[in-house]
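The following explanation proceeds from the overall fold to individual side chains. Please keep the sequence and the coordinates in view while reading.

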Amino acid sequence: MAFLHDSGSVDGLVRASDRTLNVLLVVMLAAFALGSGAYYYGQMNPRVAPAQSNAQPHPVLPRA
């Protein structure tokens, strides 16, 4: 229970935890925004060229 003596009272503890939760919320929102932005950027600019719908399959050679 030493943390109660450091903050002075329960009110100080609640204020400190409230500030911590606010910072955690901002960090999580920023991580979600960066992650969703990276996902949609990957969808709009794929690294692999899309397959052509009219591509012909490789010819099958007869066995000798």
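The protein chain of this predicted model contains two helices and zero strands. Its 64 residues include 0% that count as buried. The chain exposes about 6,500 Å², and carbon and sulfur atoms supply 66% of that area.

Attention may now turn to helix H2, which spans residues 10–44 and includes Leu24. Is Leu24 buried, partly exposed or exposed? Its relative accessible area is 44%; because the partly exposed class lies between under 20% for buried and over 50% for exposed, Leu24 is partly exposed. Leu24 also contributes to a nonpolar surface patch, which it makes together with Leu21 and Met28. The area of this patch is about 310 Å². Membership in such a patch requires a relative accessible area of over 30%, and the 44% computed for Leu24 is consistent with that requirement.

Helix H2 also holds Thr20. With a relative accessibility of 52%, Thr20 counts as exposed, because the exposed class begins over 50%. The side chain of Thr20 reaches the backbone oxygen of Ala16, at a distance of 2.9 Å. This value lies within the 3.5 Å limit for a polar contact between N or O atoms.

The remaining feature concerns aromatic side chains. The structure holds one aromatic pair, formed by the rings of Tyr39 and Tyr40. A pair of aromatic rings is described by the distance of the centres and the angle of the planes. For Tyr39 and Tyr40, the centres are 5.2 Å apart and the planes stand at 70°. The distance satisfies the pairing limit of 6.5 Å, and the pair is edge-to-face because planes over 60 degrees apart are classed in that way. Of these two residues, Tyr40 has a relative accessibility of 54% and therefore counts as exposed.

Conventions
Residues numbered from 1 in each chain as written. Predicted model: local features only at pLDDT ≥ 70, side-chain atom pairs only at ≥ 80, totals over all residues. Heavy atoms only, no water. Patch = residues over 30% accessible without salt bridge, like charges linked within 9 Å, V, L, I, M, F, W, Y side chains within 5 Å. Areas by Shrake-Rupley, 256 points an atom, 1.4 Å probe, with all protein chains shown as cover. Salt bridge = Lys/Arg side-chain N within 4 Å of Asp/Glu carboxyl O. Helix = DSSP H or I, 4+ residues; strand = E, 2+ residues; numbered from the N terminus. Buried < 20%, exposed > 50% of the residue type's maximum accessible area, 1.4 Å probe, protein only. Phe/Tyr/Trp six-rings, centres within 6.5 Å; stacked < 30°, edge-to-face > 60°. Polar contact = N/O pair within 3.5 Å; in protein donor to acceptor, adjacent residues only side chain to side chain.
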